[in-house]
Amino acid sequence: MSEDIAQLDQCPEWEALARHRDRMREISLRRLFAEDSGRADALSVEGAGLFLDYSKNLLSAETLRLLVALAEARGLRARIEAMFGGDKINSTEGRAVLHTALRAPRDAAIEVDGENVVPAVHAVLDRMGAFADRVRGGLWRGFRGDRIRHVVSIGIGGSDLGPAMAYRALRAHADPELDVRFVSNVDGADFAAACSGLDPATTLFIVCSKTFTTLETLTNARTARQWLVDGLGDEAAVAKHFVAVSTNRAEVESFGIDPANMFEFWEWVGGRYSLPSAIGLSLMVAIGPERFGEMLAGFRAMDQHFRDTPFERNLPVLLALIGIWYANYHGAESTAVLPYHQDLARFAAYLQQLDMESNGKRVQLDGEPVQWQTGPIVWGEPGTNGQHAFFQLLHQGTKLVPCDFIGAIEPSHDLPLHHDLLMANLFAQSEALAFGKTSDEVRSSGIEEELVQHRTFPGNRPSNTILVDALTPHALGALIALYEHKVFTQGVIWGINSFDQWGVELGKVLAGKIAAELQSESDPDLDHDSSTNALIARYRRH
Ligand code: F6P
């Protein structure tokens with residue numbers, strides 16, 4: 001953030017919003033809609049093939065004007081250009097943030113340290129494509145000459161959630177002859193389940209790790225190698241059954257994977273932004289290079305929309321500003337992501353890492369503590385399942401939980417009745433949340449007086465509705481980029497670094513120490529707190 005930009009809570013635009021919030025205390029969605037029959041049209045936008053209706057939010061045209069002014073005052077425009085231009089905006093790690101370069105067209109030029117990175121991006125995409133085609137076409141064979149039937153992707157966090165989520169989302173487009181599985185947890189149950197019933201002769205492992213030093217991934221990869229060598233009886237089999245995706249050639253080699261079978265990416269790709277890099281290899285093998293390219297085109301379309309569209313009509317910016325309105329001016333602590341699409345079953349989990357690892361920060365770029373709330377808790381489940389679980393709290397609980405409803409106009413199956421019912425529920429839930437049911441309406445339907453309050457819905461509970469025509473690779477790419485840029489925009493406004501993740505380090509270091517203590521032959525000298533000491537001792541006794 002440049003020196004001449006004031007601290008967030010000292011910006012006049014920040015204070016103007018606080019005053020505006022005080023004037024808006026009595027705002028009612030019922031009234032806003034009653035007073036303006038064009039509200040839905042006015043507060044809907046399209047971009048990169050996505051449609052966003054944000055009319056069911058507790059805001060007026062004035063709110064939006066003030067929020068956009070805040071974004072301008074925080075230098076969002078310049079920060080967007082800095083990110084796309086390859087500036088080292090990840091200041092605590094001294095790195096550029098260039099996931100957008102992963103989907104840049106072949107003829108683009110984006111420089112990091114004076115070097116155009118786009119040719120390298122496309123060289124890796126080409127290698128991935130050739131490899132995926134060979135596996136899919138049966139030309140890449142296992143050690144015993146068998147065709148590959150199972151792909152097991154090993155990774156964790158950003159090296160797992162993206163491909164796992166996207167494989168699930170795009171399963172309608174995947175090769176039915178190839179079974180793709182994911183292993184992430186160091187809990188051996190995960191590995192055991194993923195490899196259960198698999199024949200090593202027809203199984204390919206893709207080990208994904210930016211650093212190639214992550215405990216979980218390396219433990220699972222070693223177990224996989226042992227499983228394979230035990231099954232095929234020859235160390236040499238590893239060459240035909242293991243490929244790696246990493247930035248760390250030396251560690252890949254020392255693990256025993258031929259660097260010829262390594263797909264590279266770069267330090268300027270954050271883990272949680274890495275699906276469109278070689279980390280997406282398992283997905284590309286499943287859906288094919290062409291479909292993968294369509295997904296990249298969807299990402300790219302949203303990148304362009306984000307970069308080129310005025311903030312008032314800019315989908316990621318609008319989502320970000322609306323989120324800030326609730327987090328910083330209405331005390332909302334969380335936000336729910338509710339895809340009405342079973343294929344997006346892992347989308348909320350994916351967004352949890354994207355948002356919470358990015359914006360779960362307590363200090364500003366200069367290291368000073370923030371005096372305002374930053375990233376929300378992100379959670380959610382697909383509808384309609386969620387309706388029968390946690391929606392009660394959304395409708396009648398005491399907490400404000402802004403919701404994002406996500407749906408597709410066309411289903412990815414041949415059961416149209418199901419789809420009509422699914423979408424009817426999506427539209428009904430946002431309507432019920434926004435407009436509720438007053439006590440008078442409850443009474444007038446003949447409900448006995450003592451139940452009236454129990455059956456009253458306060459309404460005024462905000463939501464966005466995001467619709468895609470169909471959950472195609474293009475739509476998925478655009479949807480992911482929408483949230484990437486939303487998170488970025490919020491980070492800029494809050495004045496934090498959205499691209500580091502020091503907060504996960506302490507637990508990792510402590511786990512290493514405790515692992516040694518759990519495994520030590522002799523009784524270790526435990527110097528933790530009394531609770532941790534007792535837990536370790538109890539585990540060791542058994
Ligand atoms: O959990 C921290 C983290 O560093 C994530 O940011 C990252 O996505 C994940 O671990 C996996 O890291 P790697 O790809 O280096 O194995």
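Biologist: What radius of gyration does the protein have, and what would a compact globule with 542 residues have?

Modeller: The protein comes out at 25 Å, and a compact globule with 542 residues would be near 24 Å, so the two agree. The radius is taken over C-alpha atoms, and the globule rule is 2.2 Å times the number of residues to the power 0.38. Along its principal axes, the C-alpha trace spans about 75 × 60 × 55 Å.

Biologist: And the ground rules?

Modeller: This is a predicted model, where local features need pLDDT of at least 70 and side-chain atom pairs count only at pLDDT 80 or more, while totals for chains, interfaces and linings use all residues. Residues are numbered from 1 along each chain as its sequence is written, and side-chain values use heavy atoms, with hydrogens and water left out.

Biologist: How many helices and strands are there in the protein?

Modeller: There are 22 helices and 13 strands. Both are DSSP runs numbered from the N terminus: H or I over at least four residues for a helix, E over at least two for a strand.

Biologist: Why is Leu426 called buried?

Modeller: Buried means under 20% relative accessible area, exposed means over 50%, and partly exposed is in between (1.4 Å probe, protein chains only). Leu426 has 0% relative accessibility, so it counts as buried. Leu426 is found in helix H17. Not counting residues up to four places away in sequence, Leu426 touches Tyr340, Phe405, Ile406, Gly407 and Thr465. Touching, or contact, means heavy atoms within 4.5 Å.

Biologist: What about Lys437, buried or exposed, or something in between?

Modeller: Lys437 has a relative accessible area of 35%, so it is called partly exposed. Lys437 sits in the loop between helix H17 (416–435) and helix H18 (439–444). Its C-alpha atom is 4.7 Å from that of Phe457, 20 residues apart along the chain. Phe457 is also one of the contacts of Lys437 when neighbours within four places are left aside, and Arg30 is another.

Biologist: How do you know whether Leu467 is buried or exposed?

Modeller: Leu467 has a relative accessible area of 12%, so the call is buried. Leu467 lies in strand S13. Outside its sequence neighbours up to four places away, Leu467 touches residues including Gly49, Leu50, Phe51 and Met423.

Biologist: What is odd about phi of Ala48?

Modeller: Phi of Ala48 is near 55°, a positive value in a residue other than glycine. Ala48 lies in the loop between strand S1 (44–47) and strand S2 (50–53), and its 17% relative accessibility makes it buried. Asn460 also has a positive phi, near 65°. Asn460 lies in the loop between helix H19 (449–452) and strand S13 (463–468). At a relative accessible area of 26%, Asn460 is partly exposed.

Biologist: What makes a set of residues a nonpolar core?

Modeller: The members must be buried Ala, Val, Leu, Ile, Met, Phe, Trp, Tyr or Cys residues joined through side-chain atoms within 4.5 Å. In the largest core, with 133 residues, Trp268, Phe347, Leu476 and Tyr483 touch the most other members. Helix H20 gives the most to this core, with 13 residues. A second, separate core has 25 residues, among them Val207, Leu232, Ala244 and Val252. In soluble globular proteins, nonpolar side chains tend to be buried together.

Biologist: Which residues of helix H5 are buried?

Modeller: In H5 (residues 76–84), the buried ones are Leu76, Arg79, Ile80, Ala82, Met83 and Phe84. Their cover includes helix H4 (61–73), helix H13 (289–308), helix H14 (315–329) and helix H20 (473–494). Just after H5, Gly86 takes a positive phi of about 90°.

Biologist: Where is the cis peptide bond?

Modeller: The cis bond runs from Gly383 to Thr384, with omega near 10°. Thr384 lies in the loop between strand S11 (377–379) and helix H16 (391–396).

Biologist: How many positive and negative side chains does the protein have?

Modeller: There are 50 positive and 72 negative, and the centres of the two sets lie 2 Å apart. Lys and Arg count as positive and Asp and Glu as negative; His and the chain ends are not counted. Each charge is placed at NZ of Lys, CZ of Arg, CG of Asp or CD of Glu.
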